[in-house]
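Reader: I am in my first year of study and should like to look closely at a single part of this structure. Could you please take me through one sheet and what surrounds it?

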Amino acid sequence: MSSDLSRRHAVRDAAEAAVPAALADLGRLVRIPSVAFPGFDRAEVARSAEAVKELLDDLGIFDRVEVKTAVVPETGIEGMPAVLASRAARNGRPTILLYAHHDVQPVGDETLWETAPFEPTVRGGRLYGRGAADDKAGIMAHVGALRALVEVLGDDVDLGVNLFIEGEEEAGSASFAAFLRENADALRADVIVVADSGNWDAVTPALTVSLRGNARFTLTVRTLEHASHSGMFGGAVPDAMLATITLLSTLWDGDGAVAVAGLAERDAATPEYTEETLRDEAGLPDGVSPIGRGTILSRIWNKPSITVTGIDAPSVKNASNTLAPEVSVVISMRVAPGQPAREAYAALEAHLRAHAPFGAELTFRDVDCGDAFLVDTSGSAVTAARTALREGYGVEPVDIGIGGSIPFIADLVREFPGAEILVTGVEDPHARAHSPNESLHLDTFRHALVSEALLLEELDGRTAAEG
């Protein structure tokens, strides 16, 4: 059953009123440099987890709130601290699991930031700072929506609510599967909301219904036993940089489309999206052509892509007239929905081995694969989410694909096969997540918070049997 309109209007008003406090708390979270990558201070991730725990404790609705970790089975290394909160459903109501993550990307080249990355700064209707959008805003959308629900319903909230605020999503979610297994009962839910995606634009909300998979690994190319003088031996001896460049160039054709046999593409229609929009949202300057073939969104949503994201070789500063014996690169491949990531990785590895020039020795390590995701949009929770987005934004929502990957969703599907999974988010195309000058569009955040409060209100008025 749906709840009465007066209650729904009250929740909406409370959600609107909850936005300023949510943004203030978001600013406090942004000030914590919670980078979970190796080499960064783990204590900052722990401090961030404690700050999130305090926010959830203050809600006063959970049976328990804990900071917890899990050990990665393959390595025996303890994962980063996550926050787990749970509240049992009452009176036959369903349970919802709300996910976000409190760890953030490294800042990269700090000179490219217009303001300090961990000092939240508002300008032009946006909040700037690392994690302001990805994904500490997701945390505060959850918290703000729950605050509104509790303010209106108080002790009459019957909805079961679990929160899982992860601490290592940006670093690969290595302990995620183990954490799910160890805490399955506390996380089990009828509906799962993953607040780690984006919207069509700053005013149009979206449900993400497809995500590409990913395969990331480090490739080392070796051609020499030791470095040699480039003048004495250059022209006869293949150095590792020559071999690496030659090898990598075989991954794409003349249009920049992936040219690796065995990689699949998904055949699905995409909405209209112009080259002008691509240039604006991606920062593609005039004179630089887009790559690939087909509609622009089919290239981003439904086809594989391969990117070299890092390289270990002599730097420009340290360049000398030397033939490099080995070069290492990090390769990141996005996998089309429908193809298992391990299968795609096997095709890429086979291609690289088959095309290694000059007899170069190839070594593959740190292989990390995550499967793609396609949402079943027939469930009642999807309908409720679309209604909430329509009311919260005042604009009809759209279904979108995302070129990025959220590999842990496959773990959620495996652990909770009966749950409906909704992938939402607070980002707009100009959020610049992972880049310098990451920012959150403030109106988008307000609409997202209100929409989630309305979704919670709707589910609180249902029985679990109604879905």
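Author: The answer below begins with one sheet, moves to the helices and rings around it, and then turns to other parts for reference.

The model is a predicted one. The part chosen is an open sheet of 4 strands, in the order β11-β13-β9-β14, with antiparallel pairing. Its edge strands are β11 (305-312) and β14 (361-370), each of which pairs on one side only. From neighbour to neighbour, the strands of this sheet are turned by 20° against each other on average, direction ignored.

The pairings may be taken in the order of the sheet. Strands β11 and β13 run antiparallel and are paired over 7 bridges; here Ser305 has Arg334 in β13 as its bridge partner. Next, β9 and β13 are joined by 10 bridges, again in the antiparallel sense, and Ala215 has Met333 in β13 as its bridge partner. Finally, 8 bridges join β9 to β14, and these two strands also run antiparallel. Opposite Arg222 stands Glu361 in β14.

How many of the 10 residues of β13 are buried? The number is 8, so β13 is largely enclosed by the rest of the structure.

Two helices lie across this sheet. Helix α7 (residues 240-248) lies across β9, β11, β13 (326-335) and β14, and runs at about 15° to β13. Helix α10 lies across β9, β11, β13 and β14 as well, running at about 165° to β14.

Helix α10 deserves a closer look. With 14 residues at 1.5 Å a residue, α10 should span 20 Å, and its end C-alpha atoms are indeed 20 Å apart, so the two values agree. Which residues of α10 are buried? They are Ala341, Ala344, Tyr345, Ala347, Leu348, Glu349, His351 and Leu352. The cover over the buried residues of α10 includes β9, α7, β11, β13 and β14.

The aromatic rings add a further link between this helix and the sheet. A pair of aromatic rings is described by the distance of the centres and the angle of the planes. A search of the whole structure finds 9 aromatic pairs. In one of them, the rings of Tyr99 and Phe408 have centres 4.4 Å apart and planes at 45°, so this pair is tilted. Tyr99 is in strand β3 (residues 95-101) and Phe408 in helix α12 (residues 408-415), so that the pair links distant parts of the chain, 309 residues apart. Tyr99 and Phe408 are both buried. The pair that concerns the sheet is Phe217 with Tyr345, which is edge-to-face, with 5.3 Å from centre to centre and 75° between the planes. Phe217 belongs to strand β9 (residues 213-222) and Tyr345 to helix α10 (residues 341-354), and this pair too links distant parts of the chain, 128 residues apart. Are these two rings buried or exposed? Phe217 has a relative accessible area of 0% and Tyr345 one of 7%; buried means under 20%, so both residues qualify.

Beside the sheet, Ala372 is found in the loop between β14 and β15 (373-374). The C-alpha atoms of Ala372 and Arg212 are separated by 4.6 Å, although the two residues are 160 residues apart along the chain. Leaving aside residues up to four places away in sequence, Ala372 touches Leu211, Arg212, Gly213, Val335, Ala336, Pro337 and Gly338.

For reference, there is also an open sheet of 3 strands, in the order β4-β5-β18, with antiparallel pairing. Its edge strands are β4 (121-123) and β18 (439-441), each pairing on one side only. The twist of this sheet averages 25° from one strand to the next. Strand β4 pairs with strand β5 (residues 126-128) in the antiparallel sense over 3 bridges, and Thr121 has Tyr128 in β5 as its bridge partner. Helix α13 packs on this sheet, touching β4, β5 and β18, and its direction makes about 65° with that of β18. Of the 19 residues of α13, 17 are buried, and the helix is mostly covered. One further detail concerns Tyr128: the charged end of Arg123 sits over its ring, 3.7 Å from the centre.

Note on methods. Residues are numbered from 1 along each chain as its sequence is written. This is a predicted model: local features need pLDDT of at least 70, side-chain atom pairs count only at pLDDT 80 or more; totals for chains, interfaces and linings use all residues. Side-chain values use heavy atoms; hydrogens and water are left out. Rings of Phe, Tyr and Trp (its six-membered ring) pair if their centres lie within 6.5 Å; planes under 30 degrees apart count as stacked, over 60 as edge-to-face and the rest as tilted. Buried means under 20% relative accessible area, exposed over 50%, partly exposed in between (1.4 Å probe, protein chains only). A charge sits over a ring if NZ of Lys or CZ of Arg is within 6 Å of the ring centre and within 35 degrees of the ring normal. Two strands pair if DSSP finds at least two bridges between them. Axes are lines fitted to C-alpha atoms, for helices over the stretch in contact, and angles run from 0 to 180 degrees between N-to-C directions. Contact means heavy atoms within 4.5 Å. The expected span of a helix is 1.5 Å times one less than its number of residues.
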